[in-house]
Amino acid sequence: AMTFNHGFVSVAGIGASAANVDAAIVYARENAPDFHLDPDRLCFWAFSGGGPFLAPILRERPPYVRSLVSYYAILDTAAFHNMLQTPTPEEIVRDYSPVNSFPAGETFAGPPILVARAGRDWPWLNATIHTFLARALAANATIDFMNHPQGQHGFDTFDDDARSREIIERTIAFVKAHT
């Protein structure tokens, strides 16, 4: 595993943050032996504000990304900015909204996806997850979904309880099975 900070804090900087994500993936692949990784068998795991960076992977489907994981992530940038009452440029919604990654009427042939939701998260954020799941299912994508009814945003860090541990254990099993 390798962690990094994409630096996403505003729509204005989303391009720079996307470049950070791309650079981290390139770095991981180029330095895979040092990290004991197989550069052709990666999982991309996004949390919270990292959700928009799943969209390019879902759209481009690089063969080395074998699975995707999303924990309480923003999966629709338009809904996020509507909540902030901030207009979002159309190209940002198009390029960085995972909900738009499933072509209508087509079966999704991308990697398996695991989505974990925090039940006590912000309603607008959970709405982006619900929309994403509906579109993924309509495209017949391979989806695993786990809900933490009492979990808060960041449950994997803040909620040391049986459900958090179960979700983390099942996520690790999912990644092992799909990489």
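Let me start with Ser48, which sits in the loop between β1 and α3, and which, although it is not a glycine, has a positive phi of about 50 degrees. The model we are looking at is a predicted one, so please take each value that follows as computed from that prediction. Ser48 has a relative accessible area of 22%, and it therefore counts as partly exposed, given that buried means under 20%.

A second residue of this kind is Tyr72, which is not a glycine either and has a positive phi of about 35 degrees. Tyr72 is found in the loop between β2 and α4, and with a relative accessible area of 6% it is buried.

Those two loops bring me to the strands. Strand β1, residues 42–47, runs parallel to β2, and six bridges join the two; within that pairing, Phe44 stands opposite Leu68 of β2. Together with helix α3, residues 54–60, these two strands make a right-handed β-α-β unit. On to the next pairing: β2 and strand β3, residues 113–118, are also parallel, with four bridges between them, and here Val69 of β2 has Leu114 of β3 opposite it.

How many of the seven residues of β2 are buried? Six of them are, so this strand, residues 65–71, is largely enclosed by the rest of the structure.

Let me turn to the helices, beginning with α8, residues 162–177. With 16 residues at 1.5 Å a residue, α8 should span 22 Å, and its end C-alpha atoms are indeed 22 Å apart, so the expectation and the model agree. The buried residues in α8 are Ser164, Ile167, Thr171, Phe174 and Val175. Because they cover an arc of only 95 degrees around the axis, they lie on the same side of α8. On the other side of this helix, Ala162, Glu169, Lys176 and Ala177 are exposed. And what do the buried residues of α8 pack against? Their partners are the strands β1, β2, β3 and β4, the last being residues 143–148, together with helix α7, residues 155–158.

Helix α1, residues 14–30, can be treated in the same manner. Its 17 residues, at 1.5 Å each, should span 24 Å, and the C-alpha atoms at its ends are 24 Å apart, which agrees. Buried in α1 are Ile14, Ser17, Ala18, Val21, Ala24, Ile25 and Ala28. The arc they cover around the axis is only 115 degrees, which puts them on the same side of α1. These buried residues pack against α2, residues 32–35, as well as β1, α3 and α5, where α5 is residues 90–96.

Now to the aromatic side chains, where rings are paired if their centres lie within 6.5 Å, and by this rule the count comes to twelve aromatic pairs. In one of them, Trp45 and Phe47 have ring centres 5.6 Å apart and planes at 15 degrees, so this pair is stacked. In another, formed by Tyr72 and Phe155, the centres are 5.6 Å apart but the planes stand at 75 degrees, so this pair is edge-to-face. Since Tyr72 lies in the loop between β2 and α4, and Phe155 in helix α7, the edge-to-face pair ties together parts that are 83 residues apart in sequence.

Are these rings buried or exposed? Tyr72 and Phe155 are both buried, whereas Trp45 counts as partly exposed at 32% relative accessibility, and Phe47 is likewise partly exposed, with a relative accessible area of 32%. One aromatic cluster takes in Trp45, Phe47, Tyr71, Tyr72 and Phe155.

I will finish with His148, a residue of strand β4, which is buried, with a relative accessible area of 2%. Leaving aside neighbours within four places in sequence, His148 is in contact with Arg117, Ala118, Gly119, Phe155, Asp159, Asp161, Arg163, Ser164 and Ile167. Among these contacts are Ser164 and Ile167, which are buried in α8, and also Phe155, a member of the aromatic cluster. As for Asp161, which is 13 residues away from His148 along the chain, the C-alpha atoms of the two are separated by 10 Å.

Technical notes
Residues are numbered from 1 along each chain as its sequence is written. This is a predicted model: local features need pLDDT of at least 70, side-chain atom pairs count only at pLDDT 80 or more; totals for chains, interfaces and linings use all residues. Side-chain values use heavy atoms; hydrogens and water are left out. Buried means under 20% relative accessible area, exposed over 50%, partly exposed in between (1.4 Å probe, protein chains only). Two strands pair if DSSP finds at least two bridges between them. A crossover is right-handed if, with the strands pointing away from the viewer, the path from the first strand over the helix to the second runs clockwise. The expected span of a helix is 1.5 Å times one less than its number of residues. The arc is that of the directions from the helix axis to the C-beta atoms. Contact means heavy atoms within 4.5 Å. Rings of Phe, Tyr and Trp (its six-membered ring) pair if their centres lie within 6.5 Å; planes under 30 degrees apart count as stacked, over 60 as edge-to-face and the rest as tilted.
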